[in-house]
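Good morning, colleagues. Today I shall speak about salt bridges and then about a pocket. Please have the model in view as we proceed.

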Amino acid sequence: MPTKQSPTQLQTIRCENCGEQYSITYKQCPFCSDKPQRGGGRAEHVQKHSLKRLLLILLSVALICAACYILVSKVRPILQERFPDQNGIMGVLIGSPKEGQTKDDPNHPDDPNSSGAFSIPDSALVLGKVGDKYQIKTEGTDKATTWTSSDPKTVKVTEDGEIIAIAKGKATVTATTKAGDKAKCDIQVGSTLSLNREDFTLQSVGQSVQMSVEGSSADVTWTIADEKVATVSKTGEVSAVGLGITELTAKVDDQILTCIVRCKF
């Protein structure tokens, strides 16, 4: 006849971590007490794996940055020294633009004035008499570096572009830029027009003289060389300001007429 087991020996507990049955006489599961718990152990393992992966990514980024720094600070100067005409490593890889070409468009020259932007607004001028002077102005992004006259005995031109009537006749003044662009102006000395005065003196501050052009009813542009000595209005009225001598210029129909203004108090 089989013997009966005591209730204490038959009672067991299922482990929540490993799922094994063990006797209630044990204070903890004998199967997993020395092993990591299922839930918590797995989470800790995943966390450690993610941390390692992050450290590897950061290390890779650091290595890439170090390589870029070495390339820029060490290799690039060597390439620029070895290939001075190719702008360093990028020039070696893609090539540099040839002389007279832009980096953006090799079909167009580097100088914007080559497209005809450089010019002299006054294509023709008339200086009224010998001794008259006029400052020629140019247009364009570049500046004239040399000025020449086809006949210096008739019209002289300074290095700054000021023309001076030397004798009656005609001459052509040419302005040239550093890029080689040229602009011309035809000059004639001698005019049928004249000013009502060629030289006058103002004897007190505020004294004025009305100037006019004889032989033309066209609009006149009046300018004066030194406004600290005298000023001129749009209508040609000249007023004394301070001691000195200056020159008044009238431009009408592309003709230049000048007059000496003296202020003596």
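**Salt bridges and the largest pocket**

I begin with Asp132, which is buried, with a relative accessible area of 1%. This is a predicted model, and my remarks should be heard with that in mind. Which side chain does Asp132 meet in a salt bridge? The partner is Lys129, with an N to O distance of 2.8 Å. Lys129 itself is partly exposed, its relative accessible area being 27%. This pair therefore joins a buried aspartate to a partly exposed lysine.

In total, the structure holds three salt bridges. Let me take the other pairs in turn.

Arg262 forms a salt bridge with Asp199, and the closest N and O atoms are 2.8 Å apart. Arg262 belongs to strand S18 (residues 255–263) and Asp199 to strand S11 (residues 199–202), so this contact ties together parts that are 63 residues apart in sequence. Are these two residues buried or partly exposed? Arg262 counts as partly exposed at 25% relative accessibility, and Asp199 likewise counts as partly exposed, at 40%.

The next pair is Lys251 and Asp122, a salt bridge whose closest N and O atoms lie 2.8 Å apart. Here Lys251 sits in strand S17 (residues 244–252), while Asp122 is in the loop between helix H3 (88–94) and strand S3 (124–127), so the pair ties together parts that are 129 residues apart in sequence. Asp122 is buried, with a relative accessible area of 16%. Lys251, by contrast, counts as partly exposed at 21%. The cut-off matters for this reading: buried means under 20%, so the 16% of Asp122 falls below that limit, whereas the 21% of Lys251 does not.

Lys251 also brings us to the second topic, as this residue is part of the lining of the largest pocket. How much space lies in that pocket? The volume is about 330 Å³. Besides Lys251, the lining includes Lys133, Tyr134 and Gln135, together with Thr221, Thr223 and Ile224. Glu162, Glu247 and Thr249 are also among the lining residues.

Which strands each supply at least two residues of this lining? They are strand S4 (133–135), strand S14 (221–224) and S17. By class, the lining has five charged, four polar and three nonpolar residues.

To close, I return to Lys251: this residue forms a salt bridge with Asp122 and also lines the largest pocket. Thank you for your attention.

Definitions and conventions. Residues are numbered from 1 along each chain as its sequence is written. This is a predicted model: local features need pLDDT of at least 70, side-chain atom pairs count only at pLDDT 80 or more; totals for chains, interfaces and linings use all residues. Side-chain values use heavy atoms; hydrogens and water are left out. A salt bridge is a side-chain nitrogen of Lys or Arg within 4 Å of a carboxyl oxygen of Asp or Glu. Helices (H or I, at least four residues) and strands (E, at least two) are DSSP runs, numbered from the N terminus. Buried means under 20% relative accessible area, exposed over 50%, partly exposed in between (1.4 Å probe, protein chains only). On a 1 Å grid over the protein atoms alone, a cavity is a set of points where a 1.4 Å probe fits but cannot get out, and a pocket is an open set with protein on both sides within 12 Å along at least five of seven lines; lining residues have an atom within 4 Å of a point. Grid points are joined across faces, edges and corners, and a volume is the space filled by probe spheres set on the points. Ala, Val, Leu, Ile, Met, Phe, Trp, Tyr, Cys and Pro count as nonpolar, Asp, Glu, Lys and Arg as charged, and the others, Gly among them, as polar.
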